[in-house]
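Take a look at the fold below before reading on. This report goes through its sheets first and its empty spaces second.

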Amino acid sequence: MKKILILTGLLILIAMGIIIFQFLQMEQTKPDNIMEEKIIIGFSQIGAESAWRNRNSESIKNAATSAGVQLLFKDAEQKQENQIQALRSFIAYQVDVIAFVPIVETGWDNILREARAAGIPVLITDRKIKTSEEKLYAGFIGTDSEEEGRNAAKFLLKKFSKADYPDKSKKNPIRIVEIRGTEGSSPAEGRTAGFRQGLEGHQDFKIIYSTSGDFLRSKGYEIMSKYLDKNKKIDVIYSHNDGMTLGIIDAIHEHGLLPGKDIVIVTIDAEQAAIDALKKGEINCVLECNPNTGPDIMSLSKKLANGESIPRFQHVHEEVFTEYDDLSSIAPRGY
Ligand code: AHR
């Protein structure tokens with residue numbers, strides 16, 4: 001009898017050991033999103049003004065799903081007041097992190113103070129802001145617009161080198177038309193400033209006209225149609241995004257000119273349609289602006305939600321594609 005009791009006791013102990021072992025194993029193999037409590041990110045996107053923007057929103061939504069993050073995504077339809085309202089609703093909801101693409105650089109101090117008072121960290125993405133206090137947001141991840149502008153100038157200095165264009169001079173300069181992005185937005189400001197920095201000291205290049213096309217294809221077309229009706233003497237068009245460039249190319253064709261040949265075209269973004277136009281010789285230089293920031297936004301947000309600090313500024317990797325490159329090796333853009 002005693003032996004039976006000892007044996008039964010041993011069997012019970014072994015069975016309990018097996019159950020505990022299996023439980024511990026289950027805990028270790030649980031995916032991150034089940035082990036941790038799901039974090040909530042309130043995200044304010046500016047709208048859907050371009051193919052680039054749509055790809056950017058898609059990247060953020062996909063990355064949130066893969067990272068097991070609950071994403072409250074709001075589209076501001078190109079209005080700063082809608083973004084401020086969205087941010088206020090995220091504060092009321094007590095999200096873990098607020099992330100947003102600021103449509104313009106200024107006007108955010110008050111709402112950022114509200115977020116700080118509620119203890120919610122803020123991540124800025126894609127477009128930069130100017131604040132009266134540096135610490136009103138935790139960090140920024142996105143593009144380096146000034147560098148994009150400098151790279152545009154660098155390409156032109158190569159394209160119009162003295163050997164190929166011996167006639168250019170201060171008196172007979174290369175005439176540049178610039179179509180800028182949304183007024184007051186950091187990419188428009190950065191691309192404008194960087195371009196001028198890159199051309200500094202080169203008086204044989206002259207910006208003869210510069211205006212905003214609001215990053216819209218329709219405006220790129222409209223502006224260039226009107227301009228070419230009156231004046232066809234342009235050597236270069238520097239356009240702040242591909243959407244506007246595609247509209248500009250339509251207008252150039254309608255005026256009996258050849259884009260990429262009669263007028264050198266430099267554009268920013270690198271959506272598939274622009275890469276195709278570069279391959280066809282209708283665009284001469286495409287500066288990449290990388291929209292695939294979703295995964296970085298998720299990992300930075302997780303750090304913020306855990307109370308960790310993040311780099312103040314993080315710029316994403318961007319390429320430059322020109323007519324001088326081997327264009328067959330450019331990977332499909334996916335948008
Ligand atoms: O802020 C990034 C810019 O905004 C992109 O270059 C443009 O296409 C977009 O709409």
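What follows is a short tour of two sheets, two pockets and a cavity in a predicted model.

**The parallel sheet**

Start with the sheet whose strands are ordered β2-β1-β3-β4-β5-β11. The sheet is open, has six strands, and its pairing is parallel. Which strands stand at its edges? They are β2 (70-75) and β11 (313-315), and each of them pairs on one side only. On average, neighbouring strands here are turned by 20° against each other, direction ignored.

Now zoom in on one pair. Strand β1 covers residues 40-45 and is joined to β2 by six bridges. The two strands run parallel. Within this pair, Ile40 stands opposite Gln70 in β2. A helix packs on this sheet as well: α4, residues 80-93. Helix α4 touches β1, β2 and β3 (97-100). Its direction makes about 170° with that of β1.

**The mixed sheet**

Another open sheet has six strands in the order β7-β6-β8-β9-β10-β12. Here the pairing is mixed. Why is one side of β7 and of β12 left without a neighbour in the sheet? β7 (205-212) and β12 (320-322) stand at the edges, and each has a single partner strand, so one side stays free of a neighbour. Neighbouring strands of this sheet are turned by 15° against each other on average, direction ignored.

Again, one pair is worth finding. Strand β9 (residues 264-269) and strand β10 (residues 285-288) run parallel and are joined by four bridges. Asp269 of this region stands opposite Glu288 in β10. Helix α10, residues 272-280, packs on the sheet and touches β10 and β12. The direction of α10 makes about 150° with that of β10.

**Empty spaces**

Next come the gaps between the atoms. Rolling a probe the size of a water molecule over the atoms shows where empty space is left. The table sets three such spaces side by side.

| Space | Volume | Lining by class |
|---|---|---|
| Largest pocket | about 190 Å³ | five nonpolar, one polar, six charged |
| Second largest pocket | about 160 Å³ | three nonpolar, three polar, five charged |
| Largest cavity | about 90 Å³ | four nonpolar, two polar, six charged |

Who lines the largest pocket? Its charged residues include Asp167, Lys168, Arg175, Asp235, Lys261 and Asp262. Phe160, Tyr165, Pro173, Ile174 and Val264 are also in the lining, and so is Asn172.

The second largest pocket is lined by residues including Glu105, Lys128, Ile129, Tyr137 and Asp144. Phe313 is also among them. Which elements give two or more residues to this lining? They are α6 (145-159) and α7 (186-199). The largest share, three residues, comes from α7. This lining also draws on two domains: at least three residues come from each of domain 1 (35-143 + 291-317) and domain 2 (145-289).

Cavities are another matter to check. How many cavities of 30 Å³ or more does a search of the whole structure find? The search finds two. The largest cavity is lined by residues including Glu49, Ser50, Trp52, Arg53, Asp126 and Arg127. Pro187, Arg191, Phe215, Asn241 and Cys289 line it too. Asp269 is also in this lining, and Asp269 is the residue that stands opposite Glu288 in β10. Two or more residues of the cavity lining come from each of α3 (51-67) and α7. Helix α7 thus appears again, as it also lines the second largest pocket. The cavity lining draws at least three residues from each of domain 1 and domain 2.

Key
Residues are numbered from 1 along each chain as its sequence is written. This is a predicted model: local features need pLDDT of at least 70, side-chain atom pairs count only at pLDDT 80 or more; totals for chains, interfaces and linings use all residues. Side-chain values use heavy atoms; hydrogens and water are left out. On a 1 Å grid over the protein atoms alone, a cavity is a set of points where a 1.4 Å probe fits but cannot get out, and a pocket is an open set with protein on both sides within 12 Å along at least five of seven lines; lining residues have an atom within 4 Å of a point. Grid points are joined across faces, edges and corners, and a volume is the space filled by probe spheres set on the points. Domain bounds come from an automatic or database domain assignment. Two strands pair if DSSP finds at least two bridges between them. Axes are lines fitted to C-alpha atoms, for helices over the stretch in contact, and angles run from 0 to 180 degrees between N-to-C directions. Contact means heavy atoms within 4.5 Å.
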